[in-house]
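Here are some short exercises on charged side chains, each with a worked solution. Take a look at the model first, then try each task before reading on.

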Amino acid sequence: MAYDAATGLVYGGTADGALEALDAATGELMWPYRPDGATTIFAPALYAGLLCAGDQQGRVHLLAAGRQQPAPLWDPAPQAPDAAGCIVGRPTFAVNPVPGAGATTGSDAVLAYVAYGVGTGHVKVMALDVTNQRVLWTKDTGSGAALGSTLDAVVGSASFSGAPEPALFVNAGQKIMALRLADGGATTRHCPALQPQGSQVQNTFTSGLAYANGRLYAGDALGKLYVLDAKLAVVKQTTDTPPAGATVYSTPIVVTDAKGADTVFFTRGDQNVWFFDPAEGTLFQIETAQTAIAATAYDAHHRILFGASQPIDQSTGALLGQVFAVRVDELIQAERAFVIESQLLQDFDPAPDGQAHAVARYQTHVSVVDDNRAPLARQAIKVWAEAPETKVTIDGQPYTISPDAPAQVETDGAGSLTIVSDAGDLTAAPLRLWAAFMDPHERVPVYPDSEFHARLADTHADAQSDDPHRINLATAKPYDDKPLFDDDGQAQQTAQGVQTLTRSVGFGAAAAGLGAARRRGNRPPRGSNGKPPQGRCAGPGRASTSPMPISRTWPCRGWRTPPPTPRPCDPPPPSRRTASTSTASPIPR
């Protein structure tokens, strides 16, 4: 859909071959435009009073936007269009980014770029000079168009042989392409969809594309979000294990705060809005209850993110159309003050025979600080576990906790507490924390084992390496100080086997974030204004002055207000002894 603030109209395509204009205030249908022979109209784009959309017959329609019934201005058709099920992506408008190149005529010419394809055939791109109503060039990307692909395209800058220059980025399903605009797309770069190790299913890019501050953002069929640089190299990605069946369909939304820091919002088809900090590689989420968001939009003026869906009421089978909204400025700035580190340690327990018995345990150190990173002493804390009957020790006292039965403790005089849990297996039960200054529904999840899993998947064997953050089997020694392996070849084979085994079960997914954790540094929180959203218990030094709640959901029957979610402070880098660092991310529960 496309919203025109100047006229108060919302434009959208329909599955029965119409492009419709609705009054945003009343929902009244102002007009439908039905091209002859059209069966489906795809997502339109709006620019300077011009409306552009494609249909399933492979045609592109250019109309004058407004409240009056429009007449077609121009209907260019792709070269050799296929009338049987063509998919046309949302057009991308741009004022001529390369004046004088190719057949373009002026620096003020308005261009539109359209990607299209048929089934599993190649994705093609068409460049239109809207001002002079002519087709400038077409390009076959040579990539199959996955049926779930949005065929999205955005204008940005890419490096082909030197400095970044104007380029068109295209989601071609199996790969993302960068087309050099100065030569009509003759020069290209591409990034193939990343294939998980051992997977037999072809992965594809499924989301729309977002470009901001020299970075390109895209999601795939496995629920991952990727950050690409000007050379289309993946420089960052989400490192969690997405929920089963998760797919990133909506276009990522990049919001830049007053200090120039980016936050990327996206959805996976579940009951959450996910947001990603590309600078640190950390991922957070907001629960939306019944709203399984399929489409998003962003109001930059009011800084409000909207999500829409059509979830099914399981009790009645009826569709419940819902819209979820969240104030992103409050969400980004209201950072929570948790610094959390976890280490995998070898502990010792006494036994009846008088001998100490070695036991593997995760030790999680939690510090609660204010916006100036000063510790908050004697803060009330609740600790839950996601597994029932989980035994932990908190500051030396034993507790049995579960999803519904927390331990109630408080920080010491230094604003800290220590949680110890057994590591009898490779995994440990996730924990959830709550502090008295938080909303009652908020939780800070802690994964004591996440970074150790990443290190395990990064196991290597290199006698010349002294990196303390990587497990090195070539230099590993037990307590008798003898080498663990007789020769380097045996160590290398074992390291390769450990990598293959751990990555096959998904432990390697977090490895990409390890370097970011090492580099993170003890920086103060970015964008923190010390003001929590309205209705939140104000912590030390905080005042509740927000003019409206941070998030709301409007279902078709009444409305409700789900709890909001802020971001945490950035954790410090792990020390040389740290085996695992867990990044805290508040999630409403």
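**Exercise 1.** Find which residues are linked with Arg180 in a network of salt bridges.

*Solution.* In this predicted model, the network joins Glu165, Arg180 and Asp183. By the rule used here, the count of salt bridges comes to eleven.

**Exercise 2.** Work out whether each partner of the salt bridge between Arg134 and Asp129 is buried or exposed.

*Solution.* Start with the contact: the closest N and O atoms of Arg134 and Asp129 are 3.6 Å apart. Next, take Asp129: its relative accessibility is 0%, so it counts as buried. Then turn to Arg134, which counts as partly exposed because its relative accessibility is 31%.

**Exercise 3.** Describe the salt bridge between Arg432 and Glu386, and place both residues in the chain.

*Solution.* First, the distance from N to O is 2.8 Å. Second, Arg432 lies in strand E36 (residues 431-435), while Glu386 sits in the loop between strand E31 (380-385) and strand E32 (390-394). With their positions 46 residues apart, the pair links distant parts of the chain. Third, Arg432 has a relative accessible area of 10% and is therefore buried, whereas Glu386, at 34% relative accessibility, is partly exposed.

**Exercise 4.** Locate Asp486 and say which residues form a negative surface patch with it.

*Solution.* Begin with the place: Asp486 is in the loop between helix H2 (450-457) and helix H3 (488-504). At 75% relative accessibility, Asp486 counts as exposed, because exposed means over 50%. Finally, its partners in the negative patch are Asp462, Asp487 and Asp488.

Methods:
Residues are numbered from 1 along each chain as its sequence is written. This is a predicted model: local features need pLDDT of at least 70, side-chain atom pairs count only at pLDDT 80 or more; totals for chains, interfaces and linings use all residues. Side-chain values use heavy atoms; hydrogens and water are left out. Patches are made of residues with over 30% relative accessible area and no salt bridge: like charges are joined within 9 Å, nonpolar side chains (Val, Leu, Ile, Met, Phe, Trp, Tyr) within 5 Å. Accessible areas come from the Shrake-Rupley method with a 1.4 Å probe; for residues, only the protein chains shown count as cover. A salt bridge is a side-chain nitrogen of Lys or Arg within 4 Å of a carboxyl oxygen of Asp or Glu. Lys and Arg count as positive and Asp and Glu as negative; His and the chain ends are not counted. The place of a charge is taken as NZ of Lys, CZ of Arg, CG of Asp or CD of Glu. Helices (H or I, at least four residues) and strands (E, at least two) are DSSP runs, numbered from the N terminus. Buried means under 20% relative accessible area, exposed over 50%, partly exposed in between (1.4 Å probe, protein chains only).
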